[in-house]
Amino acid sequence: MRIAVTGSIATDHLMTFPGRFADQFVADQMHTVSLSFLVDNLDVRRGGVGANIAFGMGQLGTEPILVGAAGFDFDEYRAWLDRHGVDTASVRISETLHTARFVCTTDADHNQIGSFYTGAMSEARQIELKTVADRVDGLDLVLIGADDPEAMLRHTEECRSRSIPFAADFSQQIARMGGDEIRILLDGATYLFSNEYEKGLIESKTGWTDEQILSKVGHRVTTLGAQGVRIERVGDKPIVVGCPEEERKADPTGVGDAFRAGFLSGLAWGVTLERAAQVGCMLATLVIETVGTQEYQLRRAHFMDRFTKAYGHEAAAEVQAHLR
């Protein structure tokens with residue numbers, strides 16, 4: 001399968017302030033705040049949901065096509081993704097804007113002050129999927145992940161008009177979307193991804209019941225945190241897959257992206273939905289054990305040992321035949 005992953009491409013600049021923000025504020029001067037914090041360290045991480053998902057798929061050898069917009073400062077990030085099996089030839093490069101960036105400072109009490117710079121991400125709405133499809137000789141599935149909202153709508157409408165199967169995955173953008181937009185983005189999706197909280201939010205904003213939404217998509221894939229994932233389809237018994245045992249819990253950031261990467265890779269391999277979900281849960285476990293969304297290493301023997309322990313020899317034999 002040729003799977004395109006659309007979504008944000010960004011870098012995170014994370015800093016730590018050893019004091020407390022609250023100690024720096026003057027109560028009667030809050031209308032004219034002017035502060036600067038001397039931080040102890042700076043951690044620069046690659047991120048963005050589109051890039052995170054594509055990276056995971058690249059690690060599994062399924063050669064995803066990343067579709068998104070980045071800035072003129074993207075060269076180093078592009079080289080990293082290329083080295084890890086991601087096709088970045090369809091990434092639009094802005095001539096004037098930097099790659100999207102999240103800048104955040106955390107104090108000793110874990111309070112945070114952050115800013116998100118949209119940057120080149122705003123140009124994702126100018127990308128035409130037909131151009132991508134023509135370059136790779138057709139697309140079998142397009143994941144429409146969190147991105148510039150106009151880009152998400154355009155990609156969805158183009159998939160419908162060109163009869164390209166698509167997966168709807170709102171994630172962070174669901175907070176700013178209204179019911180009308182969400183109804184457009186999910187109607188007719190082959191897969192609808194969300195976590196359990198987002199599932200309720202989708203129903204609340206659209207005014208559609210769980211049953212109504214399920215009737216409008218091929219499959220509803222709901223991640224359940226430590227309990228794993230549930231896959232539902234009209235007329236079928238739900239498939240519930242648990243998570244492998246964690247060796248440690250280092251950082252939950254990017255866990256949902258990793259699940260999607262594993263699940264989509266399973267679809268590309270042609271294994272069952274249950275197997276695809278198991279691959280997704282295994283990859284998500286590796287990410288939660290690592291600080292950073294793209295800092296984990298996928299070692300084939302280690303991956304298969306843990307996968308076998310979690311899901312058994314029969315499941316492992318099916319997956320091992322595909323894992324590079």
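**An aromatic cluster, two cores and a pocket**

Tyr191, Phe193, Phe259 and Phe263 come together in one aromatic cluster. The model is a predicted one, and a search of the whole structure turns up twelve aromatic pairs. Among these, tyrosine 191 and phenylalanine 263 meet edge-to-face, with 5.8 Å from centre to centre and 80 degrees between the planes. Tyrosine 191 belongs to strand β11 (residues 191–195) and phenylalanine 263 to helix α8, so this pair ties together parts that lie 72 residues apart in sequence. Tyrosine 191 has a relative accessibility of 10% and therefore counts as buried; phenylalanine 263, at 0%, counts as buried too.

Phe259 and Phe263 reappear in the largest nonpolar core, which holds 54 residues; together with Leu81, Leu283, Phe303 and Phe307, they have the most contacts inside this core. Helix α9 (residues 273–288) is its main contributor, giving nine residues. Leaving aside residues up to four places away in sequence, phenylalanine 303 touches Leu60, Val279, Met282, Leu283, Leu286, Leu298 and Leu323. A second core, separate from this one, has 32 residues, including Ile127, Leu153, Ala168 and Leu192.

Turning to open space, the largest pocket encloses about 1200 Å³. Its lining comprises 47 residues, and Pro252, Thr253, Gly254, Val255 and Gly256 lie nearest the centre. At least two lining residues come from each of β2 (10–16), β3 (41–47), α1 (49–59), α8 (255–269) and α9, with α8 giving the most, five residues. By class, the lining of this pocket divides into 19 nonpolar, 17 polar and eleven charged residues.

Key: Residues numbered from 1 in each chain as written. Predicted model: local features only at pLDDT ≥ 70, side-chain atom pairs only at ≥ 80, totals over all residues. Heavy atoms only, no water. Core = buried A, V, L, I, M, F, W, Y, C linked by side-chain atoms within 4.5 Å. Buried < 20%, exposed > 50% of the residue type's maximum accessible area, 1.4 Å probe, protein only. Helix = DSSP H or I, 4+ residues; strand = E, 2+ residues; numbered from the N terminus. Contact = heavy atoms within 4.5 Å. 1 Å grid on protein atoms, 1.4 Å probe; cavity = no way out; pocket = protein on both sides within 12 Å on 5 of 7 lines; lining within 4 Å. Points joined across faces, edges and corners; volume = space filled by probe spheres on them. Nonpolar A, V, L, I, M, F, W, Y, C, P; charged D, E, K, R; others polar. Phe/Tyr/Trp six-rings, centres within 6.5 Å; stacked < 30°, edge-to-face > 60°.
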